[in-house]
Protein chains: 2
Amino acid sequence: MREVKVELGGRSYQIQIGSELLDSIGRQCKKLSLGRRCMVITDSNVGPLYGEKVGASLSAAGFESVQVTVRAGEQTKSWRTAAYCHDQLAAHRMERGSFIVALGGGVIGDLAGFVAATYLRGVAFVQVPTTLLAQVDSSVGGKTGINLTSGKNLVGAFYQPRHVFCDLSTLDSLPDRELRSGLSEVVKYGIIYDDVFFRRLEKLMPALVGRQSKALGEIVARCCAIKADVVGQDETETGLRAILNFGHTIGHALEAVTHYKKYLHGEAISIGQVAAARLSCLQAGLTSAEARSMETLLEKAGLPVHLTLKKQQVESLIQAMSLDKKVSDGVVKFVLASRLGQVQWGCKVPMEQVREVLYQLV
Amino acid sequence: MREVKVELGGRSYQIQIGSELLDSIGRQCKKLSLGRRCMVITDSNVGPLYGEKVGASLSAAGFESVQVTVRAGEQTKSWRTAAYCHDQLAAHRMERGSFIVALGGGVIGDLAGFVAATYLRGVAFVQVPTTLLAQVDSSVGGKTGINLTSGKNLVGAFYQPRHVFCDLSTLDSLPDRELRSGLSEVVKYGIIYDDVFFRRLEKLMPALVGRQSKALGEIVARCCAIKADVVGQDETETGLRAILNFGHTIGHALEAVTHYKKYLHGEAISIGQVAAARLSCLQAGLTSAEARSMETLLEKAGLPVHLTLKKQQVESLIQAMSLDKKVSDGVVKFVLASRLGQVQWGCKVPMEQVREVLYQLV
């Protein structure tokens with residue numbers, strides 16, 4: 001088992017990465033001085049697979065747990081579902097000392113984290129991410145939130161979990177497409193922070209796509225360590241943390257414009273990274289050879305690197321980008337790479353150039 | 001004009017108390033390094049009275065403001081209205097640097113504060129409380145929230161405003177009953193923290209009920225100073241801050257059980273304080289003479305000190321109390337006074353004694 005610490009003063013916590021961790025959740029929670037009662041929030045995909053195991057581990061350790069299962073899918077990150085979870089918490093008389101266990105992918109982590117942040121003005125929660133994407137990205141760092149009709153993650157809170165359990169065994173049940181989606185964020189960490197890791201990924205990619213658990217353990221731990229390092233320096237995204245958004249300005253807009261149906265998050269981010277790499281060549285001094293390595297590695301991960309949209313959709317995409325949180329006073333800002341392993345944030349890019357690059361990708 | 005500072009490190013802020021402050025809101029906001037755009041959230045009672053003035057002050061100072069008016073009343077503290085405000089913020093393209101102005105009573109402050117805490121994971125907000133209750137209590141200290149069907153304030157966040165404007169002139173438009181409701185919390189500050197202030201209130205009460213602005217200015221400032229002192233020591237209610245809940249365990253339950261219709265908040269808290277005073281005599285060494293002074297002062301403020309409920313309703317009240325946030329592991333905890341000006345929190349009271357005292361008040 002590997003451990004990574006997120007250093008945030010009184011809100012610091014450990015991320016554990018290993019196989020068969022679900023059985024140890026109860027035991028580990030015992031060490032966190034949490035209350036006796038908890039609610040496991042999970043979804044209709046993950047609940048049937050792991051809900052019983054997690055519940056058993058909690059009760060073996062003396063916790064009294066209740067499971068709430070919500071519908072799987074991005075549409076679950078809504079006011080409606082958050083309010084349902086709040087009502088369930090109240091109905092089960094959960095108290096300030098009670099805690100929440102988020103068991104599932106990024107949607108569940110974001111939703112359950114937001115519910116924890118806002119129930120009784122904040123109760124403790126632990127993350128049990130069961131997708132690669134959630135393990136390397138959304139479960140770490142305390143971003144929680146839900147979507148509005150007008151945009152993804154427009155409502156939320158910065159609220160740190162008390163512990164993160166990355167059980168690699170849960171990835172066995174992950175569909176191939178979901179696994180590849182997670183690899184998109186993995187590649188991102190190499191691009192934004194660590195060229196050595198990027199080169200290592202070039203070697204490991206076949207093993208990762210082949211689900212070799214040793215390789216997966218290594219890269220999940222490295223991604224968590226990078227994210228912990230960034231978040232430890234800038235918890236609430238006043239500066240540095242923005243680098244984690246590489247590929248996300250276009251990626252988020254792409255998801256919105258296709259109604260979260262055509263692309264998985266990582267797939268949209270893959271295309272977004274290719275676009276950001278090309279903009280980086282135009283604006284930030286990235287060499288075209290480096291941009292090509294990025295594109296190649298994403299392709300090796302089985303991720304889309306082209307836009308398959310009609311002209312009308314590309315125009316909607318450009319419009320959607322102007323609603324992104326990274327907009328300030330009407331100017332679209334990007335995270336761009338100056339070289340492999342190093343990026344700058346807040347780069348203002350003329351919309352014309354964005355349009356040009358997007359049409360290159362069609 | 002009086003000023004009180006809430007000391008919370010990087011999240012410190014000023015409370016200004018004075019007449020005709022609305023005109024200076026824009027000028028004052030200029031000093032807070034806020035963004036250029038803002039949304040004024042107000043309700044159907046207050047908006048028509050002061051919305052234009054606040055808007056004009058903001059635009060004279062170079063801010064671009066939009067006003068959103070929600071229905072007046074406790075039922076507005078809901079997911080539904082919070083989601084409406086979020087949608088409006090998104091529709092008007094409010095950004096991370098934008099801010100919210102909460103213009104109204106406690107409902108608006110709690111709602112708009114919660115919306116500010118959660119939109120884009122937190123945007124700045126200022127409080128412009130227009131009721132006595134909001135000026136002396138809810139606008140200060142960063143408690144924000146909404147209600148669930150199963151209970152008041154069950155969802156929320158600790159989120160501090162950047163500034164509080166207590167304009168005493170806005171109290172002119174406050175109905176008498178609302179003014180008296182505010183006086184309930186005023187009396188509370190004397191009971192929990194300051195016997196000299198309590199004795200001063202005994203003298204000033206006729207002037208306060210008569211709306212003399214010098215007297216009002218004095219007591220609003222003192223209440224804010226006490227609250228600032230308490231919140232500065234315990235922002236998130238891990239201990240001391242609980243003393244502010246004197247009278248609230250029963251008061252909240254009383255509001256819930258009468259569906260927020262029969263009693264105004266301060267009226268329910270008045271009855272709750274009388275009950276808490278009697279429990280204090282039984283459990284905490286308060287003399288019956290002191291308990292009587294408390295009751296007398298609340299009566300002088302024109303507040304109810306008896307329960308006018310049927311037996312069935314009293315039983316529902318007792319049941320409702322077990323859902324209160326101050327419950328832990330099934331035991332009901334009270335804030336009780338050991339003497340005038342000094343209280344203890346976390347006092348466990350047997351439910352039988354609560355029942356006995358409640359029936360005394362019928």
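Is B:K261 buried or exposed? Select B:K261 and take a look: this lysine is exposed, with a relative accessible area of 70%. For this tour, buried means under 20% relative accessible area, exposed over 50%, and partly exposed in between, using a 1.4 Å probe and protein chains only.

Before moving on, some ground rules. This is a predicted model, where local features need pLDDT of at least 70 and side-chain atom pairs count only at pLDDT 80 or more, while totals for chains, interfaces and linings use all residues. Residues are numbered from 1 along each chain as its sequence is written, chains are lettered from A and ligands numbered from 1 in the order in which they are written, and side-chain values use heavy atoms, with hydrogens and water left out.

**Stop 1: still at B:K261**

Show the ribbon around B:K261 and you'll find the loop between helix 9 (248-257) and helix 10 (265-283) of chain B. Helices here are DSSP runs (H or I, at least four residues), as are strands (E, at least two), numbered from the N terminus. Now draw a C-alpha to C-alpha line from B:K261 to B:G105: it spans 17 Å, with the two positions 156 residues apart in sequence numbering.

**Stop 2: B:G109**

Next, pick B:G109, in helix 4 (residues 106-118) of chain B. B:G109 counts as buried, at 4% relative accessibility. Setting aside residues up to four places away in sequence, B:G109 touches B:A102, B:F125 and B:Q127, where contact means heavy atoms within 4.5 Å. B:G142 is 33 residues from B:G109 in sequence and 9.6 Å from it in space, C-alpha to C-alpha.

**Stop 3: helices 7 and 11 of chain B**

Select residues 195-209 and 288-300 of chain B: helix 7 and helix 11 pack at an angle of about 15°, with their axes 9 Å apart. That makes helix 7 of chain B roughly parallel to helix 11 of chain B. The axes are lines fitted to C-alpha atoms, for helices over the stretch in contact, with angles from 0 to 180 degrees between N-to-C directions. Angles under 35 degrees count as roughly parallel, over 145 as roughly antiparallel, 65 to 115 as roughly perpendicular, and the rest as oblique.

For sticks, show B:F198, B:R199, B:L201, B:E202, B:M205 and B:V209 from helix 7 of chain B, which meet B:S293, B:M294, B:L297 and B:K300 from helix 11 of chain B. This contact has six nonpolar, one polar and three charged residues. In that scheme Ala, Val, Leu, Ile, Met, Phe, Trp, Tyr, Cys and Pro are nonpolar, Asp, Glu, Lys and Arg charged, and the others, Gly among them, polar.

**Stop 4: helices 6 and 8 of chain A**

Over in chain A, helix 6 (residues 176-193) and helix 8 (residues 213-233) pack at about 50°, with their axes 10 Å apart. Helix 6 of chain A and helix 8 of chain A are therefore oblique to each other. Good side chains to display include A:V186, A:Y189 and A:Y193 in helix 6 of chain A, meeting A:I219, A:C223 and A:I226, among others, in helix 8 of chain A.

**Stop 5: A:T170 and the cysteines**

Finish with A:T170, in the loop between strand 9 (163-167) and helix 6 of chain A. A:T170 is buried, with a relative accessible area of 1%.

Then color the cysteines. How many disulfides are there over all chains? The count is zero, a disulfide being a pair of cysteine sulfur atoms within 2.5 Å. The sulfur of A:C224 is 4.5 Å from the closest cysteine sulfur, in A:C166, too far for a bond.
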